[in-house]
Amino acid sequence: MKKVFYVLWAIAFLFGAFAVYQKFTHGDLLVNFGSRVVWGLWVAMYIYFIGLSAGAFLLSSLVYVFKMKVFEKLGKLALITALITLICALLSIWFDLGHQWRFFEVFTTPNLPSSMMAWMIWLYTAYFLLLLGETLLAFRIDSGKLTGAKLVRKQRTLQILASVGIPLAIAFHGGVGALFGVVASNPIWHSALTPIYFLVGAILSGCALLTMIFVFLWKDKTSEDYRQISFLLGRIVLITVLFDVLLEWSELSIAMWLGASTHIQGFKDMLYGHYWYVFWIIHILLGVIVPVVIFLVKSKKPYWVGLASLLVVFTFLGVRLNIVIPGLVTPKIPGMASAFFSKRLLYSYTPSYQEWMVGLFIVTLGIALFYLGDKYLKLTNPHN
């Protein structure tokens with residue numbers, strides 16, 4: 001099975017790498033977003049991976065801040081997972097830029113303090129540096145080379161870094177939600193719940209990813225700790241799934257209850273329009289109902305907990321697509337959709353083959369980074 005996986009990974013990586021080459025040589029000629037639907041799959045992947053990173057990092061705080069011994073084995077695994085998914089997120093939004101090589105201008109000419117995007121990117125930078133420092137320090141402490149007072153000082157420093165990281169992770173992912181929420185011209189995004197909704201989704205998807213990794217890749221599957229940790233992680237994912245659905249219901253029900261037609265059109269497209277299957281089948285059925293039933297019925301079976309978490313992780317990209325796309329495909333001015341005709345002026349969007357392949361490249365790169373990390377750092381080895 002490993003050989004089959006390696007072959008499939010190699011094929012996917014090559015297809016993705018060729019799509020990246022096309023992106024650099026053809027620019028945005030092969031993508032399906034345009035002047036009206038300005039964001040697409042790569043932006044959805046960006047907020048998806050950012051959520052995975054923030055969620056995994058916040059779970060690591062249970063180890064390094066709150067000293068929960070039951071999750072002690074997951075500390076370094078959570079940090080590396082957060083670091084890799086952050087790299088994938090930054091790559092996703094980098095590919096979305098029309099001029100990738102101008103990204104540094106947000107540092108040299110930031111529109112502070114009025115730009116939410118500038119704030120968000122500066123928070124990313126601080127988070128990345130803190131996460132990198134905390135990860136290196138965690139491995140340094142566990143190397144066994146430190147003893148006595150020096151070890152105590154390093155452990156204290158690690159706890160301080162992890163403590164600072166909690167509000168930072170909340171701020172930067174809440175900032176992503178705020179980036180959408182402050183767009184007053186887009187009713188489907190313009191809500192005080194948007195930053196909270198993003199944050200809860202981050203905790204949900206990040207915890208589900210870590211649960212999936214732990215259940216399926218952990219080396220020692222016979223110990224009682226393995227079963228206990230799987231059960232507790234499953235409960236965390238279950239609770240956050242239900243809370244996330246509660247927030248979603250609050251947003252949808254209030255908006256749809258006698259809301260103005262201009263305000264609810266984006267929600268109607270999401271629920272009943274061209275993208276109905278993303279919401280009802282991918283998100284609600286496969287991402288909520290099936291996992292919740294599994295968590296309730298098979299909560300003491302690690303394999304089933306891992307399977308339910310896998311469903312949550314893979315279907316959560318649909319949740320992010322439902323945030324980005326429906327808010328853009330709705331004309332803001334009546335008649336605008338038929339006023340001008342051009343491929344770049346359509347109010348419709350389906351990711352192109354090249355967009356999917358670039359996304360596949362990012363995923364395969366993340367898998368490769370995790371594989372190398374696990375091979376050399378023994379992330380899933382309980383005896384490390």
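## Close-up views of an all-helix chain

**View 1. L74 sits in the loop between helix 2 (41–64) and helix 3 (75–96).** The model shown here and in the other views is a predicted one. With a relative accessibility of 3%, L74 counts as buried. Apart from neighbours within four places in sequence, L74 is in contact with F214, I229 and L233. L379 also belongs in this view: 305 residues separate L74 and L379 in sequence, while their C-alpha atoms are 8.3 Å apart in space.

**View 2. K67 lies in the loop between helix 2 and helix 3.** This is the loop that also holds L74. The phi angle of K67 is near 55°, a positive value in a residue other than glycine. The relative accessibility of K67 is 44%, so K67 counts as partly exposed. L74, in contrast, counts as buried.

**View 3. K378 is found in the segment after helix 12 (353–377).** K378 is not a glycine, yet its phi is positive, at about 55°. At 42% relative accessibility, K378 counts as partly exposed.

**View 4. G40 lies in the loop between helix 1 (2–26) and helix 2.** G40 has a relative accessibility of 0% and therefore counts as buried. When neighbours within four places in sequence are left aside, the residues in contact with G40 are F33, V324, I325 and Y349. Of these, V324 is 284 residues from G40 along the chain, and the C-alpha atoms of the two are separated by 7.1 Å.

**View 5. The cysteines C88 and C207 are not joined by a disulfide.** How many disulfides does a search of the whole structure find? The count is zero. The cysteine sulfur closest to that of C88 is in C207, and the 18 Å between them is too far for a bond, because a disulfide needs the two sulfur atoms within 2.5 Å. Seen from the other side, C207 is in no disulfide, and its nearest cysteine sulfur is that of C88. Are these two residues buried or exposed? C88 is buried, with a relative accessible area of 3%. C207 is buried as well, at 4% relative accessibility.

**View 6. The whole protein chain has 12 helices and zero strands.** From the N terminus on, every element in the order is α. The radius of gyration is 21 Å, close to the 21 Å that the globule rule gives for 384 residues, so the chain is as compact as a globular protein of that length. Along its principal axes, the C-alpha trace spans about 75 × 50 × 45 Å. Buried residues account for 50% of the 384 residues; L74 and G40 are among them. Of the contacts between residues at least 6 apart in sequence, 77% join residues at least 24 apart.

**View 7. The accessible surface of the protein chain comes to about 18800 Å².** Carbon and sulfur atoms hold 72% of this surface. The chain carries 29 positive and 15 negative charges. The mean positions of the two sets of charges are 7 Å apart.

Methods
Residues are numbered from 1 along each chain as its sequence is written. This is a predicted model: local features need pLDDT of at least 70, side-chain atom pairs count only at pLDDT 80 or more; totals for chains, interfaces and linings use all residues. Side-chain values use heavy atoms; hydrogens and water are left out. Helices (H or I, at least four residues) and strands (E, at least two) are DSSP runs, numbered from the N terminus. The radius of gyration is taken over C-alpha atoms; the globule rule is 2.2 Å times the number of residues to the power 0.38. Buried means under 20% relative accessible area, exposed over 50%, partly exposed in between (1.4 Å probe, protein chains only). Contact means heavy atoms within 4.5 Å. Accessible areas come from the Shrake-Rupley method with a 1.4 Å probe; for residues, only the protein chains shown count as cover. Lys and Arg count as positive and Asp and Glu as negative; His and the chain ends are not counted. The place of a charge is taken as NZ of Lys, CZ of Arg, CG of Asp or CD of Glu.
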